Amino acid sequence: MKARSALLYTVLRLLAFIVPFAILMLFPVFQELYWLAAIFAALIGLSLSLLFLRRPLDDVSAGLADRRERRKRADRVSDEDIEDAASDAGGAADQR
């Protein structure tokens with residue numbers, strides 16, 4: 001996973017919440033009910049991210065999937081490796 005794409009997506013998601021929250025806090029009603037402004041800002045941020053942040057999300061998701069697949073391939077021990085190890089151990093025991 002590229003750190004740049006993950007950082008970009010995180011910053012854009014934060015901005016999608018902070019900007020609407022700051023705008024809503026300019027209204028006197030939301031200054032008293034800041035929790036309501038936070039709820040509305042979260043809904044607005046979610047909507048904006050679904051509409052406009054699809055490509056950065058796809059980049060981050062693809063990077064995570066590639067990383068997971070590489071890790072699975074590295075952790076898997078192939079049959080050939082097991083057979084080679086067994087024949088090496090058997091050959092060493094025969095030489096004694």
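**A tour from the nonpolar patch to helix 1**

Start by selecting Val29, Leu33, Tyr34, Trp35, Ile39, Phe40, Leu43, Ile44, Leu48, Leu51 and Phe52: together they make a nonpolar surface patch of about 1,100 Å². Keep in mind that this is a predicted model.

Next, color helix 3, residues 34-52. This helix gives the patch its largest share, nine residues. Click on Leu43, a patch member that lies in helix 3.

Now pick Ile39. This residue also belongs to the patch and has its place in helix 3. Is Ile39 buried, exposed or partly exposed? Its relative accessibility is 43%, and partly exposed covers the range between 20% and 50%, so Ile39 counts as partly exposed.

From Ile39, draw a distance to Phe17. The two residues are 22 apart along the chain, and their C-alpha atoms are separated by 9.8 Å.

Move on to helix 1, residues 3-24. Check its length from end to end. At 1.5 Å a residue, its 22 residues should span 32 Å; the end C-alpha atoms are 32 Å apart, so the model agrees with the expected span.

Stay on helix 1 and select its buried residues: Ser5, Ala6, Tyr9, Ala16, Pro20 and Leu24.

Last stop: Ser5, in helix 1. Why does Ser5 count as buried? Its relative accessible area is 14%, and the cut-off for buried is under 20%, so Ser5 qualifies. Which residues does Ser5 touch, leaving aside those up to four places away in sequence? Show Asp59 and Val60: these are its contacts.

How values were computed: Residues are numbered from 1 along each chain as its sequence is written. This is a predicted model: local features need pLDDT of at least 70, side-chain atom pairs count only at pLDDT 80 or more; totals for chains, interfaces and linings use all residues. Side-chain values use heavy atoms; hydrogens and water are left out. Patches are made of residues with over 30% relative accessible area and no salt bridge: like charges are joined within 9 Å, nonpolar side chains (Val, Leu, Ile, Met, Phe, Trp, Tyr) within 5 Å. Accessible areas come from the Shrake-Rupley method with a 1.4 Å probe; for residues, only the protein chains shown count as cover. A salt bridge is a side-chain nitrogen of Lys or Arg within 4 Å of a carboxyl oxygen of Asp or Glu. Helices (H or I, at least four residues) and strands (E, at least two) are DSSP runs, numbered from the N terminus. Buried means under 20% relative accessible area, exposed over 50%, partly exposed in between (1.4 Å probe, protein chains only). The expected span of a helix is 1.5 Å times one less than its number of residues. Contact means heavy atoms within 4.5 Å.
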